[in-house]
Amino acid sequence: MTASQMPVLTLQLEVTLMTDASETDREHYEAVVVGCGPGGAAAASRLADHGIETLVLERGMDAGSKNVSGGLIYAEESAPYTVDDLFEGFREEASERPVTDYYIHNVAGNKVKSYDLTALHQDDTDWCDAVLRRPMDSWLAERVHEKTSETGGGVLTNVRVNGLLRERGRIVGVTCDELDPIEADIVIAADGVNSELAREAGLMDWEDPNEWFQGVKAVVEMEPDVIDDRFDIDEDEGVAHLFSGDLFEDVRGGGFLYTNEDSLSIGTVFHLDSLVEEQAEPHELLDALLTHPLLARWLGDEYDEREYSAKLVPDSKKVAHREPYQDRLVLVGDAAGQMQAQGPIIKGMNHAVTAGALAADAFAVTRGNADPAAAGRRYTQMLENSGTMDKLRPRRYDLARTVGERDRVTDAVERVLDSRVGSLAIGNPIADRVLQRAYNSPFLVSMLPDTRTGYVTLPSIIGEEHGRTLHWESSVEPPTLDERIGDLTYDTDVGNPHIEVRDTSYEASGAAVYACPVSAEDFGGGCYRSEEVKRNGTAATVVSLDTQPCIECGTCAVVADTEWEHPRGGKGVEFREG
Amino acid sequence: MRSIVLTKGVPDFSDGAVSFNEEGHLERGKTPTVMNPNDAFALEAALQTRVRHGGHVSGMSMGPPGYAAVLEEAMEAVYTDDSYLLSDRELAASDTWATAITLSAGIETYQEEIGNVDLLFAGFKTADGETGQTGPQTAWALDWPIVTHVIALDIDPDERLLRAKRLVEGDVDEIETVEAPLPCMVVTDPEFEPTYRKASHRLTHKRLREETQNRAAAHDRHLTTWDHEDLNLDPDYIGLDGSPTIVSSVDPIPKAPSEREATMVDPADSDGMNEVLGELAPYASGANTAEGGD
């Protein structure tokens, strides 16, 4: 610090001191909900229904401005709560098109075999709509604010909760960048996949890439009547297409395309460990999908990308916390790892809604109980009893994976499938019918182990043996990474980076250079870059970071050695579509 | 807590909006009127007081009927409850003294008819006059204490006291904390920043914004206009007749003659650019030498 900066600092301290609250007149709310996505919105809405004074703190400048999903939201027949139960008019006002047709495309080069997955999709599904998170979440937040205002609370945006307020080691509330500490009888952390509260409490971590997927998405402009025409649907219908096979080399994962009112959501979802292992560039994998001839007939000649985005997806089979609470803190949604990957179908928002509402109910029935953890314990029981936990962590998956994911077994199965015999077996006409049925079986799909067999080998053999050949080329030219970053909106917190690299060696943090969706090898305009430096005569490759283009997905928190926080309230990237 | 914020319309001096004639004089008729930029800080201070302690905030301005738009802007920006415009032909061409007399009469009338005022807020200097006199003169006319250059403000309603951080001589290096009894006039510094560290304050702020949307749309219904008779003012003491100072003339500041000749080169003109590079070359080679010496 230079001498000329000193007085300025003094000024800020003094001004703050004058308005600081002492511990004795701390603010108190019965419930504090952190984050106003679907989980937080459902929790706050139910809390208000129970007459509980509820404060919702959202770090975005608008609810949804920090949120990204694929995104399909499901209403399951078996779920205790669905989003339209809690928010009347949701489907009319906040969602895009319903999914009326559902397909998976097995790709091998330019050969494609498509299966109709509508039966799998409809299993336990009351309805399913495509959504864009900015319009959806901001709509939810308005309803939540109306409801919570009536019980003495409300929704505040631009406030980042940065930690847990403790007294004698016990969680009693939250601390924020923008507000004085707030006490609460219950803290519902619905602060997303990179929940800082879950990590501070030691309930979740960012350690193992094997527990995460990374999703990357482009929202593509398209007139409603063009969508109707190209996908052969009515204006109140929509489609979902999934893609798997060798489209993405050997990286385990797949792609999706959903129809919105006047845009398409096209994206890819990959196992993070596989991305790291294959040193794949996420934006290039997305481009591989966008430029595949299979999509050419839908995308046409004019490609206009509205927004590029990315997010980490927890694999609930591995990380959904079985007891997501501590003292007065409970976790809901992504913060608790509640994102179900049921084979090709990914369900997250519906479980966040259920969990949020159950957490609120759990608090309502245990209100006044002297044990601070009573609500958390009740919530855990409710997740169990409602069958939600078994969807998130199916027992049959736990049984299947003990053999399935062992490398030796995978290798043996792969060798058989790669051989002529294996291909012939899958390639015969009877197998084709069986395969379509197998894909449509929720039971079998939930057992699919996460090996390349399920994602790459099997689909590409299906494509090769059963597929029809596409004889046309794609004329789609996706924007460069530089252009994609340039099109995003940022309010940069200059001089206050929210991520710091702890270990700058390439061994520790180099994976971020390719795995970060806004960085790439030999690209200077992204977050992470590697450079040669000479020290004492020896050359070493080190990693440097510029957080300005960061889209806050959290990938680098897992694959690199970082100190990772969210930016202050209202700062950082602002998604308009989400 | 009841506050009045004084605000004024000034010519919009921003690029593209302001219009000058050939002699360099402002063309008032062609230049739109906007709220005096410094008044924004006074309004924020009044809002902060209202959010923290509740109560009522009124906007007040002296000027032609068109200044109602400025009061409407204040309502939209900081959710004032109502507006008072002191407007009369007799008030035209007032200097700072006559303006202060009129404003103090406005505040006294307000206290008689509406209610007692605890705080009077004003911004630091208007963008057109730049005198910084009207605020202090108004406080003098009311016989109220005044705190100027305020950058942070805290009110103790029970003790009827305000505490303020103020810049001394307008410099960040020197800050003093002062206390003053209410009622008091507060002149905010452009360094003033409101702080809302309590969730309840931010919720109140949000509620006020929601409530104001309808009110500002029907601003006329919340506007009271007072002429010199309403204010019980003698025409001899207001307007041009009541102004001891008169601006006799304004001289534009002459442009400094340029000392060196400038050559304009189009970047697309490669010959021209080569010439420029040629001129710069000696300096560049000097830099090379310096680097080689490392």
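Is R97(A) buried or exposed? Select R97(A) to begin the tour of this predicted model. At 2% relative accessibility, R97(A) is buried, because the cut-off for that class is under 20%.

Now look at the surroundings of R97(A). The residue sits in the loop that links α4 (90-93) and β4 (101-108) of chain A. Add E237(A) to your selection: its backbone oxygen is 3.0 Å from the side chain of R97(A). Then add D234(A), whose backbone oxygen lies 3.5 Å from a polar atom of the R97(A) side chain.

Next stop: a pair of helices. Select residues 38-49 of chain A, helix α2, together with residues 349-366 of chain A, helix α13. Their axes are 7 Å apart and meet at an angle of about 30 degrees, so α2(A) and α13(A) are roughly parallel to each other. The crossing of α2(A) past α13(A) is right-handed. To see the contact, show side chains on the α2(A) residues, including A42(A), R46(A) and L47(A), and on the α13(A) residues, among them M349(A), V353(A) and F363(A). By class, this contact holds 10 nonpolar, two polar and two charged residues.

Keep α13(A) on screen and bring in helix α14, residues 374-385 of chain A. Here the axes come within 8 Å and cross at roughly 135 degrees, which means α13(A) is oblique to α14(A). This crossing is right-handed. Residues to pick out include L358(A), A362(A) and V365(A) in α13(A), and R378(A), Y379(A) and M382(A) in α14(A). The contact of α13(A) with α14(A) comprises 11 nonpolar, one polar and two charged residues.

Methods:
Residues numbered from 1 in each chain as written. Chains lettered and ligands numbered in written order. Predicted model: local features only at pLDDT ≥ 70, side-chain atom pairs only at ≥ 80, totals over all residues. Heavy atoms only, no water. Axes fitted to C-alpha atoms, helices over the stretch in contact; angles between N-to-C directions. Helix = DSSP H or I, 4+ residues; strand = E, 2+ residues; numbered from the N terminus. Parallel < 35°, antiparallel > 145°, perpendicular 65-115°, else oblique. Left-handed = near helix turned anticlockwise from the far one by under 90°. Contact = heavy atoms within 4.5 Å. Nonpolar A, V, L, I, M, F, W, Y, C, P; charged D, E, K, R; others polar. Buried < 20%, exposed > 50% of the residue type's maximum accessible area, 1.4 Å probe, protein only. Polar contact = N/O pair within 3.5 Å; in protein donor to acceptor, adjacent residues only side chain to side chain.
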